[in-house]
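Visitor: Please take one part of this structure and look at it closely, with the cut-offs behind each term. After that, I would like to hear how the rest of the chain is described.

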Amino acid sequence: MRLLAALLLSTSLCAAEVDPLIAKFWPDAEKVEDVADQAEKDLLDWLKACADKNQFPRTHFDNGVPYEVRDANPKRKKAELTARLLQRDVDDAGNARYTAVGDDVVKSISQWASRYALITYAPDNHTDQQAIAFAIWLYQRKSPDKRDALCGNRAMTVVHQRNAELRPLIEAWVLQHDFDGRGTLKTGDIWDDEFRKERKVLITDDAEDKLVKARNIAAQAEYARLSNEYSRTRTLTLQQLLNALDAWERDFASTDEVAKRRANAGKLRTALNKAITDATELASSARTASDEARDYEGKARKDQSRPKWKEAAELFEKALAIDSASMLLLTQTANAWLKAADPEYFPTEDRWGCTHEDRIKKHAIGWWDKLAALKPDDTATLLNQGLCYQLTGQVGRANEIYNRIVSLDPTGNNAAEAKRRMQQMKKK
């Protein structure tokens, strides 16, 4: 039966009259495209019916941006969806929730990636005929994105798992259209990297072997990336790196690479946990010193606040040396060193001065430069960076930074302060 079906399918996709799967449900169809066209109309009708009941199906566009479908137009050659952007946040219990924001936008059906259409329509919630028609529509779509490659297969697999009578016809279809008619099919799992979960498909041994090999290569590459992240200049914080290691072990659990590298991964996890503890303890001590410095400032005891700010700055700096990608620690380090220099505005003289210019030259200015490089359009960061240069007499660089603030936000409070400081430097 399966061999006969496969031989019949070896003719043409368009020859619906000899296609057993098409003939089973649509005996009057002249070609597969007719089934796909009707399936598209039925899909859009379903979306519209949901929207009419204020049950807006959730989907994605633009490489994963969440939207909800607010309406659908099933007209041929102008099939389109009306969608609204969804804003994702997390509630106190840690559950994701979505809120529609902004205005409705119109999306052509061609802009709707097959993998997103598949998840939204969920063929397991529809009849066998509807699910197979939808699968045929997916097969007919042309997409350069490899993530859409087996979407039709995944939809067919849903029916294959629940209807034993249809299995020979479905297997013949899938074998012909996904594997050139060669091999024997079995139900297997493929990894969906975008949504980080396994997906059921009908697959041959050869195809599965290739996917397993590719997954092992990916697991090896990801572990190497994480290991390099820890030992070299980092783009991830220690906690992000630990979370990524957890994800690596979870996502690649079925690969040989995880078993092979489990011991090394355990050592990396231990090192990360120790580093996180060390950095946390240093940062906690630094915050205590900062609080004491502020308390002394409130009592007009600068003789005691200045050394406390220096202590805090040194501790933050040590924590940052351990967790070098932490934006929070970088900001705290830069702030503490600037405070340790004791900058002060003298209103009667309309000028800025500081007690420890050396602390700015040796420490603060470098950290503020690094922070400004990471946040080039943040005017509050630029204002402090400019002050470091102003306090150390580097007028040209200070003016350059202050002018940038004015150009970024001409009417803002920081721009007004930048203009005042430029005037102050002119008087000097």
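Guide: Helices here are DSSP runs of H or I with at least four residues, strands are runs of E with at least two, and the numbering of these elements starts from the N terminus. The model is predicted, so that local features need pLDDT of at least 70 and side-chain atom pairs count only at pLDDT 80 or more, while totals for chains, interfaces and linings use all residues. Residues are numbered from 1 along each chain as its sequence is written, and side-chain values use heavy atoms, with hydrogens and water left out.

The part I choose is helix α15, residues 395–408, whose 14 residues should span 20 Å at 1.5 Å a residue (the expected span being 1.5 Å times one less than the number of residues), and this agrees with its end C-alpha atoms, which are 20 Å apart. Ala 398, Ile 401, Tyr 402, Ile 405 and Val 406 of α15 are buried, where buried means under 20% relative accessible area, exposed over 50% and partly exposed in between, with a 1.4 Å probe and protein chains only. Because these buried residues cover an arc of only 145 degrees around the axis, they lie on the same side of α15; the arc is taken from the directions that lead from the helix axis to the C-beta atoms. On the other side of α15, Gly 396, Glu 400 and Ser 407 are exposed. The cover over the buried residues of α15 includes α14 (379–391) and α16 (413–427), contact meaning heavy atoms within 4.5 Å.

Elsewhere, the largest nonpolar core has 52 residues, and Ile 136 and Met 156 have the most contacts inside it; such a core is a set of buried Ala, Val, Leu, Ile, Met, Phe, Trp, Tyr and Cys residues joined through side-chain atoms within 4.5 Å. Helix α5 (residues 128–140) gives the most to this core, with nine residues. Apart from this core lies another, of 41 residues, including Leu 320, Ala 340, Tyr 389 and Ala 415.

As for confidence, the chain averages a pLDDT of 91, and 95% of the residues score at least 70, pLDDT being the predictor's confidence in each residue, from 0 to 100. Over residues 1–17, however, the pLDDT is below 50, although this stretch has 34 contacts in the model beyond near neighbours in sequence. Where pLDDT is low, the predicted coordinates should not be read in detail.
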